[in-house]
Structure formats: C-alpha cells, structure tokens
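Colleague: Could you take me through this model, slowly, since I am new to reading structures?

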Amino acid sequence: MMAEWKDFFIAVVGASAALTGLIFVGVSISLSKILAMRGLINRALVSLILLLNVLCMSLFFLIPGQSITVLGIEILGLSIFVWLFVCRFDFQNMYKIEAKYKFRYILNLLIVQT
C-alpha cells in the first residue's frame with residue numbers, strides 16, 4: 001500500500017530539504033537584521049522547524065519494512081514535539097508584541113491551531 005506513495009515522498013523530501021536550506025541561507029545572510037527585530041528570530045526558527053518536520057515525516061514514510069503502527073508512533077511523537085515547540089515560540093512572541101496587536105495575534109493563533 002505504501003509502495004505506491006514512494007515517489008511522492010521522495011519528491012517531498014527533496015522539496016522540503018531545498019526549502020529548509022533556502023530559509024537557513026536567508027536567515028544566515030540577514031542575521032543581524034533578524035536579531036534586531038523583536039520576535040523575528042522565533043519566526044525564523046518556527047519556519048525551519050516546520051520544514052524539517054515535513055522532511056522528517058517524509059523520511060519516516062520511506063523507511064523500508066516498517067509497520068504502519070511504528071510509522072504512526074513516529075509521526076505522532078514528532079507531531080507532538082513540533083506542536084509544543086511552535087506553541088512555545090508563539091506564546092513567547094505574544095508577550096513581546098505591542099498591546100494594539102495582541103488581539104489580532106491571539107485570533108491568528110486560534111485560527112492556525114484549530
């Protein structure tokens with residue numbers, strides 16, 4: 001059943017690796033500007049982590065001879081870790097933003113998290 005998806009996951013691994021590399025290079029080039037703006041470094045880290053999440057999940061699907069149960073456990077564990085990581089940085093950003101933008105930020109968090 002999973003063999004039919006192999007080519008798809010190979011393509012996703014390549015695309016997510018390339019995009020992760022581009023974000024890493026972009027952050028490296030503009031590091032001083034990113035560090036100067038409040039909360040922007042957290043956004044950059046979240047972007048990197050989310051793309052690495054896609055990369056790792058796609059790699060999990062490409063592991064040969066793996067049962068669906070083990071695959072499910074790997075995906076669940078990685079998803080929980082990434083979700084907690086992203087929530088941590090979102091809450092850190094929430095306390096750093098100006099009061100006039102807090103409501104919109106919280107509304108955005110609620111929409112994205114559901």
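Colleague: To start with, does cysteine 87 count as buried or exposed?

Modeller: Cysteine 87 counts as buried, because its relative accessibility is 12%, and buried means under 20% relative accessible area, exposed means over 50%, and partly exposed is what lies in between, using a 1.4 Å probe and protein chains only. Please keep in mind that this is a predicted model, in which local features need pLDDT of at least 70 and side-chain atom pairs count only at pLDDT 80 or more, while totals for chains, interfaces and linings use all residues. Residues are numbered from 1 along each chain as its sequence is written, and side-chain values use heavy atoms, with hydrogens and water left out.

Colleague: And which class does cysteine 56 fall into?

Modeller: Cysteine 56 counts as partly exposed, since its relative accessibility comes to 29%.

Colleague: How many disulfides are there by the distance rule?

Modeller: The count is zero, where a disulfide is taken to be a pair of cysteine sulfur atoms within 2.5 Å.

Colleague: Why is there no bond for cysteine 56?

Modeller: Because the closest cysteine sulfur, that of cysteine 87, is 19 Å from the sulfur of cysteine 56, which is too far for a bond. Seen from the other side, cysteine 87 is in no disulfide either, with the sulfur of cysteine 56 as its nearest cysteine sulfur.

Colleague: New topic, the helices. At what angle do α3 and α4 cross?

Modeller: Helix α3, residues 40–62, and helix α4, residues 68–96, cross at roughly 175°, and their axes come within 10 Å. Helices here are DSSP runs (H or I, at least four residues; strands are E, at least two), numbered from the N terminus, and the axes are lines fitted to C-alpha atoms, for helices over the stretch in contact, with angles running from 0 to 180 degrees between N-to-C directions. The two helices, α3 and α4, are therefore roughly antiparallel to each other, since angles over 145 degrees count as roughly antiparallel, under 35 as roughly parallel, 65 to 115 as roughly perpendicular and the rest as oblique.

Colleague: What kinds of residues make up the contact of α3 with α4?

Modeller: That contact divides into 15 nonpolar, five polar and four charged residues. Nonpolar covers Ala, Val, Leu, Ile, Met, Phe, Trp, Tyr, Cys and Pro, charged covers Asp, Glu, Lys and Arg, and the others, Gly among them, count as polar.

Colleague: Which residues does asparagine 53 touch, apart from its sequence neighbours?

Modeller: Leaving aside neighbours within four places in sequence, asparagine 53 is in contact with Leu78 and Val82, where contact means heavy atoms within 4.5 Å. Asparagine 53 has its place in helix α3 and is buried, with a relative accessible area of 12%. Its C-alpha atom is 9.7 Å from that of phenylalanine 81, although the two residues are 28 apart in sequence.

Colleague: What about leucine 45, which residues is it in contact with?

Modeller: With the neighbours within four places again left aside, leucine 45 is in contact with Phe85 and Phe89. Leucine 45 also lies in helix α3, but it is partly exposed, at 34% relative accessible area.

Colleague: Which helices do the buried residues of α3 pack against?

Modeller: They pack against α1, residues 6–29, and α4. From α1, valine 13 touches Leu55, Ser58, Leu59 and Leu62, not counting residues up to four places away in sequence. Valine 13 is buried at 16% relative accessible area, and its C-alpha atom is separated by 8.7 Å from that of methionine 57, which is 44 residues away along the chain.

Colleague: And on the other side, which residues of α4 meet α5?

Modeller: In α4 they are Trp83, Cys87, Asp90, Asn93, Met94 and Tyr95, and these meet Lys102, Tyr105, Ile106, Leu109 and Gln113 in α5. The axes of α4 and helix α5, residues 99–113, come within 10 Å and cross at roughly 170°, which makes this pair roughly antiparallel. The residues of this contact divide into seven nonpolar, two polar and two charged.

Colleague: Last one, what span should α4 have?

Modeller: At 1.5 Å a residue, its 29 residues should span 42 Å, and the end C-alpha atoms are 42 Å apart, which agrees; the expected span is 1.5 Å times one less than the number of residues.
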